[in-house]
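Biologist: Please take a close look at one part of this structure for a first-year student, starting from a single loop and moving outward. Explain each term where you first need it.

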Amino acid sequence: MDIDTVDEVACLDPELLQLNEVSPFALKTSPQLVEELYSQWLSLPDTAQLVKSLINDVKAGNAISVFGNLSNPNAAGSNSLPSMFPAGNAPPLSPRSSSSSPRTSKQRNSPSSLGSPLKFVIEPGEEVIPQFYFQNGRPPPRDLKEHCLSSINHLFNNPLNGLQIDEFKSVTKDVCKLPSFLSSALFGKIDVDCTGIVTRDAFIKFWVDSNMLAMDIATQVFKIIKQSDCNYLTQVDFKPVLQELLATHPGLEFLRGTPEFQERYAETVIYRIFYYINRSGNGHLTLRELKRGNLITAMQQADEEDDINKVLRYFSYEHFYVIYCKFWELDTDHDFCIDKESLIKYGNYALTYRIVDRIFSQVPRRFTSRVEGMMSYEDFVYFMLAEEDKSSEPSLEYWFKCIDLDGNGVLTSIELQFFYEEQLHRMECIALEPVLFEDILCQIVDMIAPEREDYITLRDLKGCKLSGNVFNILFNLNKFMAFETRDPFLIRQEHEDPTLTEWDRFAHREYVRLSMEEDVEDVSNGSADVWEESLEAPF
């Protein structure tokens with residue numbers, strides 16, 4: 001008899017062996033003795049026959065009755081347990097009290113009273129696992145569905161039993177709870193045949209039956225904007241949304257007579273969205289990236305706020321104005337491309353030639369310009385956002401790639417010194433007291449507190465709030481000097497509103513400066529062009 005076979009159907013309990021020849025106390029206090037006795041018992045021929053019989057009964061589904069009367073230790077029969085000791089050689093048992101005791105009661109209620117020395121494992125009943133995966137999303141609760149259908153019936157109650165695109169905004173905002181400037185995109189998603197009308201049944205099929213109603217708002221926006229054959233968003237997918245925003249938002253009404261600036265505004269908003277949210281940098285914005293970003297919150301704010309300039313994330317017109325004017329100043333021939341020599345002029349020649357060379361080598365980001373060696377407007381937006389807000393993670397990644405000359409993922413003292421050498425030379429040329437690299441290196445290490453002092457990783461930089469100053473020290477002389485002198489004006493600005501980013505503060509300062517320059521030019525010229533008047537409208 002194979003012992004393993006027995007182990008599959010039973011487990012050992014010293015009390016269930018019912019060895020009348022051995023004291024129960026001795027069994028419980030000597031586990032090794034129990035194992036030896038159990039092994040000997042299993043090796044007996046009668047035991048093997050008994051176990052086989054039990055297994056056959058279980059397989060056949062018969063009721064199991066192993067012993068007839070086990071209460072009498074001297075009872076014998078065909079089903080009795082084989083004795084562990086030869087007849088007459090068993091040790092005497094200690095006398096037992098006939099009085100009732102907790103132990104006696106426990107023994108009577110134990111599985112031993114059932115007449116079986118084996119404790120059989122009872123299979124648990126079949127458990128029903130509720131459905132946790134739904135191909136089209138989890139169905140909405142009944143009360144939510146009924147409320148939605150009631151609202152749909154009210155809005156679609158007309159002779160056409162449908163709505164045209166100019167009537168559909170109420171459905172987008174009141175039923176779908178989405179920003180109103182997604183109305184055209186949602187309408188086009190449902191009206192696939194371009195009939196110009198979305199019927200009640202068609203809307204219910206798209207919004208209710210496909211469980212769009214129960215999805216989170218980020219997933220809803222993602223499914224509405226994206227192309228049906230893609231599982232990601234591209235820049236083109238956002239253009240219809242921005243076109244409707246420009247056509248309907250009261251804060252952008254002054255731009256309706258200037259299509260060129262409408263287009264530039266829309267492009268800038270899209271570039272800013274992909275700069276901050278598309279962290280992979282491949283131009284394919286996934287649902288996960290959309291959920292991790294703050295775009296949905298910004299869209300909701302833009303829909304509720306009449307002053308578009310108060311929506312600092314992505315949609316502010318003032319921010320667009322600053323970016324576009326900066327690019328226009330550098331693009332002297334206005335071919336919408338700037339070269340290396342033009343970028344050197346940025347920020348009043350604040351950047352070093354070495355860092356500009358790295359940018360044009362397309363190490364941090366591949367240019368989208370079709371002209372070799374030229375930076376397009378999109379490339380400039382990425383550069384400017386990275387330069388003016390070095391506290392953000394996209395900026396830290398951008399400049400880390402520039403400084404990492406060998407691309408091994410760490411910044412060594414040799415690489416830091418390579419970029420600082422030009423800074424040191426520039427300080428000497430303008431008669432500033434030079435700061436030796438050894439002192440700068442100690443300052444950087446103290447500032448960042450890297451895990452290892454012999455190199456700095458991107459993780460070290462992301463874990464420090466002062467990381468942006470490291471890059472300013474290496475290649476931006478103006479900001480390096482401002483950091484060294486601890487400009488009290490900038491410090492006071494940071495304390496006044498800590499929720500603003502470096503980019504928000506920079507954009508506000510530059511917008512004020514640019515608008516004042518526009519006012520001076522208008523006064524000196526005595527008149528202004530039509531588009532300049534329109535740009536001054538919100539200021």
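Modeller: Helices (H or I, at least four residues) and strands (E, at least two) are DSSP runs, numbered from the N terminus. This is a predicted model, in which local features need pLDDT of at least 70 and side-chain atom pairs count only at pLDDT 80 or more, while totals for chains, interfaces and linings use all residues. Residues are numbered from 1 along each chain as its sequence is written, and side-chain values use heavy atoms, with hydrogens and water left out.

Our starting point is His249, which sits in the loop between helix H11, residues 235-248, and helix H12. His249 has a relative accessible area of 5%, and it therefore counts as buried (under 20% relative accessible area, with exposed over 50% and partly exposed in between, for a 1.4 Å probe and protein chains only). If we leave aside residues up to four places away in sequence, His249 is in contact (heavy atoms within 4.5 Å) with Arg256, Ala302, Glu305, Asp306 and Ile308.

From this loop we can follow the chain into helix H12, which covers residues 259-277 and gives the most to the largest nonpolar core, as the next step shows. That core (a set of buried Ala, Val, Leu, Ile, Met, Phe, Trp, Tyr and Cys residues joined through side-chain atoms within 4.5 Å) has 121 residues, and those with the most contacts inside it are Phe203, Trp207, Tyr265, Phe315, Leu343 and Phe383. The share that comes from H12 is 10 residues. To see one of the central names in detail, take Tyr265: with residues up to four places away in sequence left out, its partners include the leucines Leu242, Leu245, Leu246, Leu252 and Leu255. Tyr265 also touches Ile308, Phe315, Ser316, Tyr317 and Phe320, and Ile308 is a name we have already met, since it is among the residues that His249 touches.

Two other members of the list of residues with the most core contacts, Phe203 and Trp207, lead us to helix H9, residues 200-209, where they are buried together with Ile204, Phe206 and Val208. These buried residues of H9 pack against several neighbours, namely helix H6 (142-155), helix H7, helix H8 (183-190), strand E2 (198-199) and helix H10 (217-225). Just after H9 comes Asn211, whose phi is positive, at about 65 degrees.

Two further residues, each in a loop, have a positive phi as well. His334, in the loop between helix H15 (317-330) and strand E3 (337-338), has a phi of about 55 degrees although it is not a glycine. At 38% relative accessibility His334 counts as partly exposed. Gln362 belongs to the loop between helix H18 (353-360) and strand E4 (375-376), and its phi is near 65 degrees, again a positive value in a residue other than glycine. With a relative accessible area of 26%, Gln362 is partly exposed.

We can now turn from the core to charged pairs. The structure holds 23 salt bridges, where a salt bridge is a side-chain nitrogen of Lys or Arg within 4 Å of a carboxyl oxygen of Asp or Glu. In one of them, Lys173 pairs with Glu304, and the closest N and O atoms are 3.1 Å apart. This pair links distant parts of the chain, because Lys173 lies in helix H7 (residues 169-175) and Glu304 in helix H14 (residues 295-304), 131 residues apart. The two partners sit in unlike surroundings: Lys173 is partly exposed, at 32%, whereas Glu304 is exposed, at 57%.

Another salt bridge brings us back to the end of H12. Glu397 pairs with Arg279, their closest N and O atoms being 2.6 Å apart. Here too distant parts of the chain are linked, with Glu397 in helix H20 (residues 393-403) and Arg279 in the loop between H12 and helix H13 (287-292), 118 residues apart. Arg279 is partly exposed, with a relative accessible area of 36%.

Helix H20 also provides Glu393, which forms a salt bridge with Lys462, the closest N and O atoms being 3.8 Å apart. Lys462 belongs to helix H23 (residues 458-462), and the two partners are 69 residues apart in the chain. Glu393 is partly exposed at 37% relative accessibility, and Lys462 is partly exposed at 34%. Taken together, Arg279, Glu393, Glu397 and Lys462 are linked in a network of salt bridges.
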